[in-house]
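Visitor: I would like to go through this model with you, taking its metal site, its charged pairs and its chain contacts in turn.

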Amino acid sequence: MMRQYELVERVRRYNPKTDEALLDRAYVYAMKAHGSQLRASGDPYFSHPLEVAAILTDLKLDDATIVAALLHDTIEDTDATKPEIERLFGHQIATLVEGLTKIKKLDLVSKQAKQAENLRKLLLAIADDVRVLLVKLADRLHNMRTLKWVPPEKRDRVAQETLDIYAPLAGRMGMQDMREELEDLSFRQLSPEAYESIVSRVSELRQRNGPLVEEIERELSAELSRRGINAEVKGREKRPYSIWRKMERKAIGFEQLSDIYGFRVIVDSVEDCYRALGVIHIKWPLVPGRFKDYISTPKPNDYRSLHTTLIGPRRQRVELQIRTRDMEEIAEYGIAAHALYKDDKGAQGPMLSNESRAYAWLRKTIENLSQGLSPEEFLEHTKLELFHDQVFCFTPKGRLIALPRKATPIDFAYAVHTDIGNTAIGCKINGSVAPLVSELKNGDEVEIITSKAQTPPGAWETIAVTGKARAAVRRATRAAVRAQYAGLGRKIAERAFARAGKTFSDDAMAKATPRLARPSADDVFAAVGRGEIKTEDLVRAAYPEWTPPRPDEQAATERAPNGEGWFELKRGQNLKFKIPEGIPGPRLDAIPIRGIKGDLPVRFAPHGGAVPGDRIVGILTPGEGITIYPIQSKALQNFEDAPERWLDVRWDVDELSEGRFPAQIVVTAVNAPGSLAQVATVIGDHGANIDGLKMRSRSADFTEMVIDIEVFDLRHLNTIVSDLKARAVVSSVERING
Ligand code: MN
């Protein structure tokens with residue numbers, strides 16, 4: 001294991017101004033924090049953060065990054081806390097370590113390859129400070145290097161994730177060596193036979209060819225310098241994974257593979273690039289169709305270079321890139337444009353806008369670098385601005401859902417599945433109940449609570465930000481409203497035909513429908529329900545010979561005295577029937593809610609509060625107390641900006657409790673003698689109390705009743721609602737939630 005002074009020494013080699021005391025303190029702190037913890041290899045756990053720090057010294061990173069690397073597993077795996085780290089090491093380092101702790105949670109998420117791109121973006125968005133990602137990559141590299149100690153069943157997953165996410169990320173950040181090592185380590189784990197076969201073929205080839213790379217380097221430089229071109233030639237064998245990818249992509253065998261060797265010729269000027277190209281093409285035959293001029297036509301990411309392939313000194317095909325030192329800097333430096341261009345090859349089309357923003361960001365980054373900021377300044381001020389217009393959230397099972405900024409759980413629900421959206425009644429964000437209109441944040445875990453009885457409120461159409469959610473809400477509300485009106489209209493129609501002494505039948509409707517210029521009988525019913533078609537017109541459309549009676553002949557025995565307004569009944573009052581007295585039983589004297597400390601008064605929201613079985617939220621009103629709302633209550637939207645007022649509360653009711661809870665329902669019933677009494681009887685038969693009733697006659701055909709009832713719990717309420725719906729006189733029943 002590396003000693004304290006060795007680490008300091010490594011840093012001092014590239015950073016003479018390093019804060020030794022700080023490094024020492026971090027070394028000791030992390031060593032003590034991890035104490036006697038062991039890695040699977042049997043090494044002390046502390047050897048891991050130490051190796052991670054060592055990898056980062058190879059990248060010549062600043063003190064804060066090295067310290068963050070030493071501390072990167074302390075919050076998650078030891079007693080260390082962020083406040084303590086902040087006290088000992090300052091705010092900046094504490095923030096870095098916290099960022100790493102956040103990212104670590106992502107490791108637990110199951111990932112599919114198709115989600116990799118999203119996850120990579122999520123990493124970028126969460127890690128606002130680029131140093132967090134650098135430590136994360138070093139952490140992953142060390143874990144990959146020691147993969148043999150990971151339990152066998154986990155190795156493939158770790159390797160696949162590395163290949164899908166971390167290796168491309170390293171590539172984008174310009175760390176090509178790290179990218180290649182991550183790729184090869186993953187490749188070896190995932191396809192051991194392929195890996196071994198490529199490695200042995202390459203080594204066979206090396207033995208057969210001798211020191212070919214050095215030879216070609218020498219010959220190329222000699223030829224160029226003989227022609228007066230000052231050039232640096234760098235050659236190397238390609239790595240196993242990149243050879244494999246090429247074989248895969250081109251569906252060719254190893255024998256046909258020309259690109260085992262790659263060479264780079266670095267010259268002083270653009271003019272020299274073309275001169276060097278000429279010299280090389282004269283000396284060695286080129287492979288036709290392989291020449292590309294990215295100098296006169298740069299790639300959109302500013303990558304510039306000449307590419308060619310030739311038959312080299314030993315009749316071996318060699319790939320050649322010719323560029324100036326400036327171009328090389330852009331391609332090699334820090335966060336490399338070169339890597340991005342490679343990544344981009346597979347991602348044309350819809351990805352383009354994000355990609356071009358990535359270019360813009362990269363160019364800005366490169367500008368900063370070339371303006372001579374010190375590496376420390378550069379790293380500190382580089383915020384990853386990519387993808388900031390998106391939020392990334394998870395389902396409880398770990399599926400990643402990408403949404404636009406300001407998206408709500410409603411959008412989330414529809415993104416998961418239209419049915420989930422249509423039946424959503426509430427949600428939990430990171431385990432706590434929250435309104436469906438909350439704004440989602442990066443990394444939120446969202447659980448949607450659904451109910452089959454739900455149809456989406458029309459207001460969601462304006463709340464949702466995604467087109468998918470809006471369109472689905474519009475469709476669902478339209479369909480639901482239409483179905484409701486059609487059901488109501490049908491009942492009205494049946495009665496209108498009966499009143500007119502005419503037969504109501506499919507035949508009659510088939511005759512009436514075209515005369516009313518509607519496409520189907522259902523459309524006619526919906527129009528009747530909405531009041532767009534008068535019942536008299538409907539009957540006459542089916543039976544043209546029929547004439548409606550004069551208005552005063554219409555019986556309205558059970559109509560409310562005031563046809564337009566509401567009139568109210570209280571328990572015990574008489575209309576033409578009596579509201580049943582209800583079952584006497586203990587009423588509620590204290591609201592049985594758990595999760596509230598102290599003696600604050602607790603009350604239910606007015607107009608249909610919550611009943612046991614509802615998911616509930618307590619809203620604290622200073623000076624007044626706590627109001628309990630069911631989670632589906634629209635009123636909760638008013639408190640959305642005040643999360644501090646939300647209390648996590650639960651019912652404290654057992655099954656045998658005889659307390660009754662107020663709920664409110666709206667029943668739309670056909671105007672028929674005794675229909676009101678029937679409704680009241682159903683409620684009474686189920687042992688519920690009617691506490692009040694308000695009714696309004698909406699037309700000659702139906703009446704709306706708002707009924708305050710008292711029930712034991714949600715199941716009790718649902719039973720009553722279902723039973724009411726089953727009655728012929730009832731056209732719809734809805735619960736009101738304040
Ligand atoms: Mn670690």
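What follows is a set of questions and answers on these topics.

Guide: This is a predicted model, in which local features need pLDDT of at least 70, side-chain atom pairs count only at pLDDT 80 or more, and totals for chains, interfaces and linings use all residues. Residues are numbered from 1 along each chain as its sequence is written, and side-chain values use heavy atoms, with hydrogens and water left out.

Visitor: What spacing do the donors of the manganese ion follow along the chain?
Guide: Donors are N, O and S atoms within 2.8 Å of the metal (3.2 Å for Na, K and Ca), and sites may look incomplete because water is not among the atoms. The protein donors here are His48 (NE2), His72 (NE2), Asp73 (OD) and Asp139 (OD), lying 2.2 to 2.4 Å from the manganese ion. Along the chain, the spacing of these donors is H-x23-H-D-x65-D.

Visitor: Is His72 buried or exposed?
Guide: The terms rest on relative accessible area with a 1.4 Å probe and protein chains only: buried is under 20%, exposed is over 50%, and partly exposed is in between. Asp73 falls in the same class as His72, and that class is buried.

Visitor: How many salt bridges does the count come to?
Guide: A salt bridge is a side-chain nitrogen of Lys or Arg within 4 Å of a carboxyl oxygen of Asp or Glu. By this rule, the count comes to 32.

Visitor: How far apart are the closest N and O atoms of Glu20 and Arg12?
Guide: Glu20 is partly exposed, with a relative accessible area of 32%, and Arg12 is also partly exposed, at 31%. These residues form a salt bridge, and the closest N and O atoms are separated by 2.1 Å.

Visitor: How many residues apart are Glu180 and Arg239?
Guide: The side chains of Glu180 and Arg239 meet in a salt bridge at 3.7 Å, N to O. The pair links distant parts of the chain, with Glu180 in helix 11 (residues 176–190) and Arg239 in the loop between strand 1 (232–237) and helix 14, where helices (H or I, at least four residues) and strands (E, at least two) are DSSP runs numbered from the N terminus. Along the chain, the separation of Glu180 and Arg239 is 59 residues.

Visitor: Is Glu180 buried or exposed?
Guide: Its partner Arg239 is partly exposed, with a relative accessible area of 27%. Glu180 has a relative accessibility of 7%, and therefore counts as buried.

Visitor: Why are Glu494 and Arg490 separated by about one helical turn?
Guide: The side chains of Glu494 and Arg490 meet in a salt bridge at 3.8 Å, N to O. Both residues lie in helix 23 (residues 467–500), and the separation is about one helical turn because they are four residues apart.

Visitor: What distance separates the C-alpha atoms of Met705 and Val666?
Guide: Met705 is found in strand 20 (residues 702–711) and counts as buried at 1% relative accessibility. Met705 and Val666 are 39 residues apart along the chain, while their C-alpha atoms are separated by 5.5 Å.

Visitor: What distance separates the C-alpha atoms of Gly609 and Phe661?
Guide: Gly609 lies in the loop between strand 13 (602–604) and strand 14 (616–621), and at 2% relative accessibility Gly609 counts as buried. Gly609 and Phe661 are 52 residues apart along the chain, and the separation of their C-alpha atoms is 8.0 Å.
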